[in-house]
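Trainee: I have a new model open and would like to talk it through with you. Could we begin with its interior?
Mentor: Happy to, let's bring it up.

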Amino acid sequence: SPIPRDSAGGSVSVSLTTTNPNDVVYLIVGTDTGTISTPSGFTARTAAFGGSGAVMASFYEIAPSPLSAQSISVSTGGHMVVVLAFGISGANTANPFDGQAGLPSTNTGSGTSPSVTISTSNPTDLLIGAEGDVGAGSSYSAGGSFSLIASDSAIKKSGQQSADMAEYMAVSSAQSGLSVTSSTSTGASVSSWSMIADAVRQ
């Protein structure tokens with residue numbers, strides 16, 4: 001749900017509908033500056049802060065029943081906000097995340113090749129990659145063997161853009177130093193990017 005605006009601060013909302021009970025609801029929030037508050041009912045996972053913008057944060061909650069147009073409200077200090085929310089079925093809701101040290105992992109930078117490295121200890125994980133940036137002005141695709149969950153962007157009147165994408169890959173063995181990447185349709189360079197990688201136990 002992209003929210004362009006010209007003044008910083010405020011609250012934005014996204015609506016999520018799911019079909020399965022006992023989902024892990026995962027939330028990616030990206031903005032160009034400022035802080036991102038933990039939404040009501042959610043628990044914070046991690047945050048990444050690009051050098052000249054590209055602020056990202058991830059959150060989760062357990063949904064014991066399917067959601068019907070559930071409104072998720074996010075407060076942020078940014079001018080441009082992108083919110084991606086999705087449900088993960090089949091997860092171990094009692095212990096939803098891989099316990100490997102260093103997870104979730106984050107990385108920040110600039111240029112045309114966003115990436116972050118992930119290592120896991122559980123053999124049956126669903127890996128999540130998320131990238132946010134400022135300045136690309138293009139559409140986004142998943143990297144490597146990952147599949148795209150969603151991508152979206154918000155553009156200010158000045159033409160500056162903030163964009164986010166989320167991707168996933170199911171694995172059947174523990175991973176060591178796996179590179180998680182994303183790309184734009186034009187290979188556009190960005191002034192600042194942030195990436196998050198996480199692993200949900202199945």
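Trainee: Which residues touch the most other members of the largest nonpolar core?
Mentor: Keep in mind that we are reading a predicted model. The largest nonpolar core has 18 residues. Within that core, the residues touching the most other members are Tyr26, Ile28, Phe86, Ile88, Ile128 and Val200.

Trainee: And which strand gives the largest share of this core?
Mentor: At least two core residues come from each of strand 3 (23–31), strand 5 (53–63), strand 7 (80–88), strand 10 (125–134) and strand 15 (190–201). The largest share is four residues, and the strand that gives it is strand 7.

Trainee: How many residues are in the second, separate core?
Mentor: Among the members of that second core are Ala63, Leu67, Val74 and Val83. It is separate from the core we just discussed, and its count is 17 residues.

Trainee: Back to the main core: is Tyr26 buried or exposed?
Mentor: Look at its neighbours beyond four places in sequence, which include Arg45, Phe59, Leu84, Ile128 and Asp198. The relative accessible area of Tyr26 is 0%, and the cut-off for burial is under 20%, so Tyr26 is buried.

Trainee: What kind of aromatic pair do Tyr26 and Phe86 form?
Mentor: The whole structure holds three aromatic pairs. For Tyr26 and Phe86, the ring centres are 5.8 Å apart and the planes differ by 25 degrees. Planes under 30 degrees apart count as stacked, so this pair is stacked.

Trainee: How many residues apart are the two partners, Tyr26 and Phe86?
Mentor: Tyr26 belongs to strand 3 and Phe86 to strand 7, so the pair links distant parts of the chain. Phe86 is buried too, with a relative accessible area of 9%. In sequence, Tyr26 and Phe86 are 60 residues apart.

Trainee: What about Tyr60 and Phe97, what kind of aromatic pair is that?
Mentor: Both Tyr60 and Phe97 are buried. Tyr60 sits in strand 5, while Phe97 is in the loop between strand 7 and strand 8 (105–111), 37 residues apart. Their centres lie 4.8 Å apart with 75 degrees between the planes, and over 60 is the cut-off, so the pair is edge-to-face.

Trainee: Which residue lies over the face of Phe97?
Mentor: Phe97 belongs to one aromatic cluster together with Tyr26, Tyr60 and Phe86. The residue over its face is at 3.7 Å from the ring centre, and it is Arg45.

Trainee: Now the backbone. Which two residues are joined by a cis peptide bond?
Mentor: The omega angle of the bond is about -5 degrees. Its proline is found in the loop between strand 7 and strand 8. The two residues are Leu103 and Pro104.

Trainee: Asn22 has a positive phi although it is not a glycine; what is the value?
Mentor: Asn22 lies in the loop between strand 2 (11–16) and strand 3. Asn22 is partly exposed, with a relative accessible area of 39%. Its phi is about 55 degrees.

Trainee: And Ala69, what is its phi?
Mentor: Ala69 lies in the loop between strand 5 and strand 6 (70–75). At 47% relative accessibility, this alanine counts as partly exposed. Ala69 is not a glycine, yet its phi is positive, about 50 degrees.

Trainee: Is Gly143 buried or exposed?
Mentor: Gly143 is in the loop between strand 11 (140–142) and strand 12 (147–155). Beyond four places in sequence, Gly143 touches Glu167, Thr181 and Ser182. Its relative accessibility is 6%, so Gly143 counts as buried.

Trainee: Stepping back, how many helices and strands are there in the protein?
Mentor: Of the 202 residues, 48% count as buried. Among contacts with a separation of 6 or more, 79% are between residues 24 or more positions apart. As for the elements, there are zero helices and 15 strands.

Trainee: Which element has the lowest mean pLDDT?
Mentor: The mean pLDDT of the protein is 86, and 83% of residues reach 70 or more. Over residues 1–6, however, pLDDT stays under 50. The highest mean among the elements, 97, is that of strand 9 (residues 115–118), and the lowest, 46, is that of strand 1.

Key:
Residues are numbered from 1 along each chain as its sequence is written. This is a predicted model: local features need pLDDT of at least 70, side-chain atom pairs count only at pLDDT 80 or more; totals for chains, interfaces and linings use all residues. Side-chain values use heavy atoms; hydrogens and water are left out. Buried means under 20% relative accessible area, exposed over 50%, partly exposed in between (1.4 Å probe, protein chains only). Contact means heavy atoms within 4.5 Å. A nonpolar core is a set of buried Ala, Val, Leu, Ile, Met, Phe, Trp, Tyr and Cys residues joined through side-chain atoms within 4.5 Å. Rings of Phe, Tyr and Trp (its six-membered ring) pair if their centres lie within 6.5 Å; planes under 30 degrees apart count as stacked, over 60 as edge-to-face and the rest as tilted. A charge sits over a ring if NZ of Lys or CZ of Arg is within 6 Å of the ring centre and within 35 degrees of the ring normal. pLDDT is the predictor's confidence in each residue, from 0 to 100.
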